[in-house]
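User: Could you take a close look at one part of this model for me? I would like to start from a pair of charged side chains and then follow the elements around them.

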Amino acid sequence: VAAKALVRMGQCYEKLGDADARKAYERVVREFADQKDAVAEARRRLGDKPGVVARLIEQPAGVQERVHEVSRDGRFLVCSSPQGGRSAFYLRDVETGATRPILGESLGLRPRLSPDGSQLAFISRQMTPGGLPSELHIVRTDGSGLLRVFTAKDLQGTPRIPRLWDWSPDGQSLLLAVSSEDTKDKVILFRVSDGTVRVLGSAEGISRTPWSARFSPDGRWIAFTRSGGPGYLGKGISIRTLDGSREVSLSPDGLFPLWTPDGKRVLFASNRRGPTDLWAIPVANGEPAGPP
């Protein structure tokens with residue numbers, strides 16, 4: 001009763017334009033944490049965002065480090081750096097700052113960490129347009145070396161640099177877009193264990209940026225960036241089934257969609273307010289479930 005009364009008092013103070021409104025809401029949050037409904041309303045009135053925490057991770061001194069991926073548990077970063085002779089991918093422990101090389105000095109593109117963090121997939125770098133076709137590499141993240149290399153033949157065509165988007169939730173397959181000289185771009189699901197290729201549909205309309213498409217945690221949907229005009233506002237975020245039979249728009253603008261682990265939201269970057277912000281939109285059954 002006291003918690004509810006304080007919320008009502010705060011609302012009355014708000015109507016009077018009195019600063020005591022904030023004090024009433026802060027008291028609810030501070031003294032009545034077990035009263036979830038009242039605390040939620042007080043936080044809403046205060047403008048708080050419970051559960052949203054930003055943490056600054058310092059880079060090593062004198063190192064220009066590029067972060068490519070974050071492990072599911074938030075403990076490790078997949079990084080690369082052109083300085084100090086370290087040009088290959090390595091893992092950095094955000095708790096201790098320690099680093100661990102993943103594979104020699106071979107620099108690749110578009111690394112993707114498997115859901116359990118044990119494997120890293122990446123595309124070998126093609127240095128010149130007339131160079132060798134790119135290959136798909138799978139390596140162990142414990143530093144023990146290379147697992148598999150898949151060539152253009154394995155990937156159904158002659159991919160100049162295929163787009164490597166994501167691991168399947170079960171960690172068995174990779175979501176890629178490939179192209180050959182005689183066919184249009186297509187989305188494939190590539191099974192790492194045996195090289196089996198399953199064509200999911202056309203890649204037409206999906207942006208060519210490396211972080212364009214991501215699996216939902218249940219593996220039923222793909223959130224992706226639609227290709228379009230220049231700038232964030234020239235593209236949109238959509239969800240579609242694996243076979244492309246159903247597609248729903250989430251946002252008329254945005255880039256780099258990413259699902260939350262519970263599958264209830266899709267995050268994306270947008271400059272609709274001017275600066276580039278991080279946005280989230282609730283999702284249920286492959287459709288938007290509220291405003292972003």
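Analyst:
**A charged pair and its strand**

Arg92 and Glu65 are both buried. In this predicted model, their side chains form a salt bridge, with 2.9 Å from N to O. Arg92 belongs to strand β3 (residues 90-93), while Glu65 sits in the loop between α3 and β1 (66-70), so this pair ties together parts of the chain that are 27 residues apart in sequence. The general background is familiar: side chains of opposite charge can pair when their charged atoms come close.

Now let's follow the strand that carries Arg92. Strand β3 belongs to an open sheet of four strands, ordered β1-β2-β3-β4, with antiparallel pairing. At the edges are β1 and β4 (99-101), each of which pairs on one side only. From one strand to the next, the twist averages 30°.

What joins β3 to strand β2 (residues 76-80)? Four bridges do, and the two strands run antiparallel. Within β2 and β3, Val78 and Leu91 stand opposite each other. As a general point, side chains in a regular strand alternate between the two faces of the sheet.

On to the next pairing: β1 and β2 are also antiparallel, over four bridges. Here Val70 is placed opposite Leu77 of β2. The two strands make a hairpin with five residues between them, and in its turn Gly74 has a positive phi of about 75°.

The loop that holds Glu65 begins after α3, which leads us to the helices. Helix α3 (36-46) is among the elements covering the buried residues of α2, as is α1 (2-16). Helix α2 itself spans residues 20-31; its 12 residues reach 16 Å from first C-alpha to last, close to the 16 Å expected at 1.5 Å a residue. Which residues of α2 are buried? They are Ala21, Ala24, Tyr25 and Val28. These four cover an arc of only 95° around the axis, which puts them on the same side of α2. In general, an α-helix has 3.6 residues a turn, so residues three or four places apart point the same way. Lys23 and Arg30, on the other side of α2, are exposed.

Helix α2 has a salt bridge of its own, between the side chains of Glu31 and Arg27, at 3.1 Å from N to O. These two residues are four apart in the helix, and therefore separated by about one helical turn. Glu31 has 40% relative accessibility and counts as partly exposed; Arg27, at 36%, is partly exposed too. Set that beside the pair we started from, where Arg92 and Glu65 are both buried.

For a wider view, the structure holds 17 salt bridges. Another one joins the side chains of Arg220 and Asp218, at 4.0 Å from N to O. Arg220 is partly exposed, with a relative accessible area of 45%, and Asp218 is partly exposed at 48%. Elsewhere, salt bridges that share partners link Glu69, Arg112, Asp166 and Arg214 into one network.

Definitions and conventions
Residues numbered from 1 in each chain as written. Predicted model: local features only at pLDDT ≥ 70, side-chain atom pairs only at ≥ 80, totals over all residues. Heavy atoms only, no water. Expected span 1.5 Å × (residues − 1). Buried < 20%, exposed > 50% of the residue type's maximum accessible area, 1.4 Å probe, protein only. Arc of directions from axis to C-beta. Contact = heavy atoms within 4.5 Å. Pairing = 2+ DSSP bridges. Axes fitted to C-alpha atoms, helices over the stretch in contact; angles between N-to-C directions.
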